[in-house]
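Here are my notes on the model, point by point. Please read them with the structure open.

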Amino acid sequence: MTFAELANLVGADADGLGGGEIVRVSRPQDATEDAAVFATEVAALEAALASHAGSILASAQLFGGAKPDDRRVLLVQDARYAFALAGRCLRAKIASGVHATAVIGDGVVVGAGTTVGPHVVIGDGVELGEECSIGARVTIYAGSVLGNRVVVQAGAVLGSTGFGYARDQQTGRYLLFPQQGTLVIEDDVEIGANTTIDRGALAETRIGRGTKIDNLVHVGHNCRIGEDVIIAAQTGISGSSVVEDGAILGGQVGIGEHATVGKGVILGGGAGVLSGKKMAGAGKVFWGRPARPLKDYLRGLASFSALARLRDGRSPKD
């Protein structure tokens, strides 16, 4: 893209800009005249200005309202986000289509611009939206619907049978409860490698627009994940739980069944939410097992430390 097109893309002032084409993003030490770099702090800005980059996306606060002397600089509110936006637009396009080794069931719909990688298995009647990217060895079961621009990395399994059983009270034997619902993944969702998401039991499991799911995550049947949720690696969410819009789940979080993580709630790495529990408060951080407000968690750690010192015959303040 041209310099002016990049400026327009990131919402920067295009007056007095330099020329040239920008074809890639880069770190400053690797940058050439066709590359864009970014800076959110002074040290990074110095490195960017000393580089050969053709464009520098810089957070406006670094200049304190002054106009940059270097014509390569584009002032933006959030340089990291602007850089990511540029990277998405400049990313090399992979030829769309279905790989010869993929197994496609009857009645499958593949939207325009969608790529289906090698050894993918897609069940009967699955719907894939436009410009999706389905990585190698992904399995998508019948009854699944994916929106537009969904990214599924290698080895993920979508729409599998949920882990729900009925128990015979006399014999103690278990029988699989019907798992005949659906899975709906909305637009712009990204799903990491080897992640598994179960279909609903009788209704649906739903992943909201813009949610990003890391590698090795499990989402159980009947779960409802809201929009723009972040879920880090090795997190497990039990059946029929709800994670509302904008929540952030750190790595190795465990959530029991029928629990609710409220809008904008942050669960620190390793946090555990008990079944049926509701965590509420946008921007509020919960940590520990069972998860509790961060201040309470840290206070508890301090109390245990003080008790240990007393046990050893030391002052609690040592």
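1. A cut-off comes first: a residue counts as buried when its relative accessible area is under 20%, and as exposed when that area is over 50%. Values in between are called partly exposed. Keep in mind that this is a predicted model.

2. Start with Ser241. Its relative accessibility is 1%, so Ser241 counts as buried. Ser241 sits in the loop that runs between strand E26 (236–237) and strand E27 (242–243). A polar atom of the Ser241 side chain lies 2.7 Å from the backbone oxygen of Gly256. Leaving aside residues up to four places away in sequence, Ser241 touches Asn222, Cys223, Arg224, Ile255, Gly256, Glu257, His258 and Ala259.

3. Two of those neighbours deserve their own remarks. Ile255 is among the residues with the most contacts inside the largest nonpolar core, together with Ile134, Leu249 and Leu267. That core has 44 residues. Again leaving aside residues up to four places away in sequence, Ile255 touches Gly236, Ile237, Ser238, Ser241, Val243, Leu249, Val261, Leu267 and Val273. A second, separate core has 15 residues, including Val76, Ala79, Ala82 and Ala86.

4. His258 is the other neighbour. Its phi is near 60°, which is positive, and His258 is not a glycine. The residue lies in the loop between strand E29 (254–255) and strand E30 (260–261).

5. Arg137 also calls for a backbone check. Phi is positive here too, at about 60°, and Arg137 is not a glycine. Arg137 is found in the loop between strand E11 (133–134) and strand E12 (139–140). With a relative accessible area of 55%, Arg137 is exposed.

6. Where does the cis peptide bond at Pro290 begin? The bond runs from Arg289 to Pro290, and its omega is near 0°. Pro290 is placed in the loop between strand E34 (285–287) and strand E35 (292–293).

7. Now the aromatic rings. A pair of rings is described by the distance of the centres and the angle of the planes. The structure holds two aromatic pairs. In one, the ring centres of Phe38 and Phe83 are 4.6 Å apart and the planes meet at 35°, so the pair is tilted. This pair links distant parts of the chain: Phe38 belongs to strand E2 (residues 35–39), Phe83 to helix H3 (residues 79–90), and they are 45 residues apart. Phe38 is partly exposed at 26% relative accessibility, whereas Phe83 is buried at 16%.

8. Phe163 and Tyr165 form an edge-to-face pair. Their centres are 5.3 Å apart, with 75° between the planes. Phe163 is exposed at 68% relative accessibility. Tyr165 is partly exposed at 44%.

9. How many disulfides does the structure hold? Zero. Cys89 is in no disulfide, and the nearest cysteine sulfur, that of Cys132, is 17 Å away. Seen from the other side, Cys132 is in no disulfide either, and its nearest cysteine sulfur is that of Cys89, 17 Å away. A disulfide needs two cysteine sulfur atoms within 2.5 Å. Burial separates the two residues as well: Cys89 is partly exposed at 38% relative accessibility, whereas Cys132 is buried, with a relative accessible area of 2%.

Note on methods. Residues numbered from 1 in each chain as written. Predicted model: local features only at pLDDT ≥ 70, side-chain atom pairs only at ≥ 80, totals over all residues. Heavy atoms only, no water. Buried < 20%, exposed > 50% of the residue type's maximum accessible area, 1.4 Å probe, protein only. Helix = DSSP H or I, 4+ residues; strand = E, 2+ residues; numbered from the N terminus. Phe/Tyr/Trp six-rings, centres within 6.5 Å; stacked < 30°, edge-to-face > 60°. Core = buried A, V, L, I, M, F, W, Y, C linked by side-chain atoms within 4.5 Å. Contact = heavy atoms within 4.5 Å. Polar contact = N/O pair within 3.5 Å; in protein donor to acceptor, adjacent residues only side chain to side chain.
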